[in-house]
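Me: I have a two-chain model in front of me and would like a close look at one part of it, with enough of the surroundings to place that part properly. Please take it slowly and keep the description connected.

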Amino acid sequence: MQLTVDKQPQATIVAASGKLDAAGAPELETRCKALIQEGSNRLLLDFAQVEYVSSAGLRSLLVLAKAVKSAGGGLALCGLVPTVRDVMTISGFDNILPLAADRAAALELLK
Amino acid sequence: MKLLTWYRRQPVRRKIFIPFFAITLFSSTIFTVYGFIQNVRAIENEIDKRLLIAALTMPQLLPPDYFDRVQTPDSITEEEHWNNTRRLEIFLSNVGGTYLYALHQVSNRYYFVASAALDTPYWTEYEKPAPNIYEVQKTWEPNISTTPDPDYGLLRSVVMGHKDAAGRRFIIGADIHAYEVEALKRRAFLNFFLMGFASFLLAVIFSYAASCSITRPLNRLSTFTRRLVEGGFSADIRLDAAMFPDGNQTRAETAILAYDFDQMQANLAEHIEQLKLTQSARERAESELRIAGQIQETFLPGPFTPAEFGGRVQLQAAMKTAKQAGGDLFDYFALDDAHLFFAIGDVSGKGMPAAMFMSAVVVLLRSAAKQWRDPAEILRRVNDDLAIRNESCTFVTLFVGILDVRTGEIVFANGGHNPPRLRSAAGAVAAVPTKTNMVVGAMEGQTFVRETLALRPGDVLALYTDGVTEAFNEADQLYGEARLDRCLGALPAEATAAEILRGVVADVAAFAGAREQSDDITMLVLRCCEPAGAKTT
């Protein structure tokens with residue numbers, strides 16, 4: 001799991017690539033939690049390069065969603081590949097996490 | 001080259017000793033030979049000086065007018081001659097020589113007119129004069145030479161002239177046997193050889209001791225190392241502290257080496273001890289996880305008996321756990337004579353937390369199923385029970401169904417789980433269309449949609465966890481739904497639930513090849529059968 005952080009005025013954009021599985025999920029969780037601690041309560045996760053999300057990955061997303069919510073902010077995802085989008089739909093995560101097609105749309109959702 | 005190779009292979013002690021030995025041998029030989037040659041020269045000089053003194057002193061030992069009186073064979077009385085002879089003999093024996101004499105030449109013949117030898121009377125003819133007798137007459141200066149005398153052998157001799165008052169020339173000679181000189185030289189040689197040999201021996205002993213003192217600590221270290229290896233690097237095996245009395249505050253390299261070695265051993269023993277602790281901790285963790293897996297299995301139901309429900313339904317379920325204890329689960333039991341409850345689920349994450357969460361899910365699910373009999377309500381209750389104070393955000397995807405074995409109708413609710421596959425009696429395979437609901441345990445207050453599905457005889461419902469479709473092969477590809485559907489479709493129409501399950505598991509295993517299983521693989525297969533005997537509803 002590779003993570004690139006880009007702090008924008010509207011939101012902190014975290015571009016992830018690789019597999020969000022049992023190995024990758026803690027990396028994303030730790031990094032984003034640190035960002036929330038630093039004050040970035042609006043997180044945009046760009047998943048365009050994420051090829052796979054496991055149940056451990058979903059759990060991490062849930063943890064982060066709760067964390068930004070209690071920090072008074074929000075979390076949005078964008079650029080999901082079809083298989084990852086299927087996982088979100090099947091698990092019902094699309095009901096609690098805003099999914100957007102691209103970054104611009106996601107930033108709109110975070111406003 | 002060969003010698004050099006041989007030398008390189010020698011132990012350190014010999015490496016030090018061999019050059020020491022060679023240098024010592026060389027230098028003692030040089031010193032012995034040089035000293036001997038110098039000494040031989042000194043001996044020769046000394047003897048020549050002695051002979052010269054004897055020759056010069058001789059006239060003084062005779063009466064002052066003696067040579068003037070030597071005229072004819074009768075000039076000197078026998079008595080006087082023997083008196084002189086005795087005097088000369090005593091003198092010569094004190095000085096150290098063989099012969100001392102005076103010669104008188106009369107018409108090319110030479111006569112002894114004085115001598116230290118008792119066997120030479122006055123006027124005895126010297127019949128075969130040595131070459132130096134003629135030689136001295138050329139200058140009358142003292143002549144020193146080694147002369148072969150036909151009668152007396154090889155001599156070192158001094159001959160010189162002596163004038164009497166009338167100016168007549170006499171020849172005075174002093175000789176010593178060459179073999180006596182040689183004996184002196186031999187003694188000198190023996191002395192020098194013994195001295196040289198003694199110093200050589202001393203140097204050899206010293207260098208041997210020195211080489212041993214260098215290699216002894218090395219030998220002790222190597223013995224220690226061997227002991228260490230045999231003793232499994234035990235902390236009890238320590239180096240004798242006498243080998244480094246001043247710790248590392250010394251300039252003796254071997255002591256420093258020994259000290260460092262001892263420190264290394266102490267550190268090594270500590271590391272090994274720590275390693276053992278770490279190892280045992282890991283082994284404990286692994287065994288705990290294994291036991292957790294065993295406990296987990298006890299939460300799973302026992303085998304489904306075909307006789308249940310009059311053979312109208314076959315059910316086969318199996319779980320193949322990955323290396324770590326996982327969070328997959330399945331369950332089934334008869335609610336009454338006509339209703340079969342079944343469920344499959346996958347807890348997020350792996351290891352001990354997932355295993356513990358799974359146990360809670362199974363317990364909650366069973367009690368809720370017995371109480372509510374409605375899959376949607378069951379999920380709602382389980383969800384709320386799990387979600388309260390669920391700080392870790394662990395959740396479970398659950399597919400829960402209740403089959404009415406009389407009609408084949410299934411009432412189900414899907415809490416974020418993969419849609420099951422349905423194979424019709426005709427062989428067509430498709431995903432069961434389900435409404436999407438949230439996963440179970442993530443958030444309180446969720447509601448779940450209750451749905452229905454009708455199974456006809458010969459239909460097969462295959463429930464699975466993502467361990468099946470998300471099995472990776474060596475090329476990092478996913479098994480996927482398409483392969484699963486193809487596999488299910490390819491299995492014979494009359495295949496039992498057990499055969500279908502085995503077929504899919506085998507297909508997934510063949511696909512994964514040598515790739516390690518990363519997630520639990522769990523399947524639950526339901527097959528609706530023609531009722532045994534007459535067709536009734």
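The part I would like described is a single strand of chain B, and the request and the reply follow below.

Me: What do the two faces of strand β16 of chain B look like, which strands pair with β16(B), and what surrounds them?

Reply: This is a predicted model, and the description below should be read with that in mind. I begin with the strand itself and then move outwards.

Strand β16 of chain B covers residues 521-528, and eight of its eight residues are buried, so the strand is largely enclosed by the rest of the structure. Burial applies to both faces: one side carries Ile521(B), Met523(B), Val525(B) and Arg527(B), while the other carries Thr522(B), Leu524(B), Leu526(B) and Cys528(B), and all of these are buried.

Two pairings of this strand can be described. Strand β7 of chain B, residues 313-320, pairs with β16(B) in the antiparallel sense over eight bridges, and within that pairing Gln316(B) stands opposite Val525(B). Strand β15 of chain B, residues 460-464, also pairs with β16(B) in the antiparallel sense, here over five bridges, with Leu461(B) opposite Leu526(B).

Met523(B) is a useful residue from which to look outwards. Once its neighbours within four places in sequence are left aside, its contacts include Ala317(B) and Ala318(B), together with Ala462(B), Leu463(B) and Tyr464(B), and they also include Val468(B), Leu501(B), Val504(B) and Val505(B). The largest nonpolar core has 105 residues, and Met523(B) is, with Leu43(A) and Val361(B), one of the three that touch the most other members. The largest share of this core, 10 residues, is supplied by helix α8 of chain B, residues 351-372. Another core lies apart from this one and has 30 residues, among them Tyr99(B), Leu100(B), Ile171(B) and Ile172(B).

Elsewhere in chain B there is an open sheet of five strands, in the order β8-β9-β10-β11-β14, with antiparallel pairing. Its edges are β8(B), residues 328-334, and β14(B), residues 451-454, each of which has a single partner strand, so one side of each is left without a neighbour in the sheet. On average, and with direction ignored, neighbouring strands of this sheet are turned by 20 degrees against each other. At the β14(B) edge, four bridges join the strand to β11(B), residues 409-415, and the two run antiparallel; one of the bridge pairs is formed by Ile410(B) and Leu453(B). Helix α9 of chain B, residues 375-387, packs on the sheet, touching β10(B), residues 396-404, and β11(B), and its direction makes about 25 degrees with that of β11(B).

Within β11(B), Phe412(B) is worth a closer look. Phe412(B) has 25 other C-beta atoms within 10 Å and is therefore buried. Its C-alpha atom is separated by 7.8 Å from that of Leu453(B), although the two residues are 41 apart along the chain. Leaving aside neighbours within four places in sequence, Phe412(B) is in contact with Pro375(B), with Phe399(B), Val400(B) and Gly401(B), and with Glu451(B) and Leu453(B).

Since Leu43(A) appears among the residues of the largest core that touch the most other members, chain A belongs in the picture as well. Chain A has four helices and five strands, which follow one another along the sequence as β-β-α-β-α-β-α-β-α. Its five strands form an open sheet in the order β1-β2-β3-β4-β5, with mixed pairing. Here β1(A), residues 2-7, and β5(A), residues 99-100, stand at the edges with a single partner strand each, so each has one side without a neighbour in the sheet. Strand β4(A), residues 74-78, runs parallel to β5(A) and is joined to it by two bridges, and Leu77(A) has Leu99(A) as its bridge partner. Helix α4(A), residues 103-110, packs on this sheet and touches β2(A), β3(A), β4(A) and β5(A), its direction making about 160 degrees with that of β4(A). Of the 111 residues in chain A, 45% are buried.

Finally, the contact between the chains takes 14 residues from chain A and 16 residues from chain B. On the chain A side, α2(A), residues 55-70, and α3(A), residues 82-90, are the elements that give two or more residues, and α2(A) provides the largest share, seven residues. By class, that side has seven nonpolar, five polar and two charged residues.

Key: Residues numbered from 1 in each chain as written. Chains lettered and ligands numbered in written order. Predicted model: local features only at pLDDT ≥ 70, side-chain atom pairs only at ≥ 80, totals over all residues. Pairing = 2+ DSSP bridges. Axes fitted to C-alpha atoms, helices over the stretch in contact; angles between N-to-C directions. Contact = placed C-beta atoms within 7 Å. Buried ≥ 20, exposed ≤ 12 C-beta atoms within 10 Å, placed from the backbone. Core = buried A, V, L, I, M, F, W, Y, C linked by C-beta atoms within 7 Å. Nonpolar A, V, L, I, M, F, W, Y, C, P; charged D, E, K, R; others polar.
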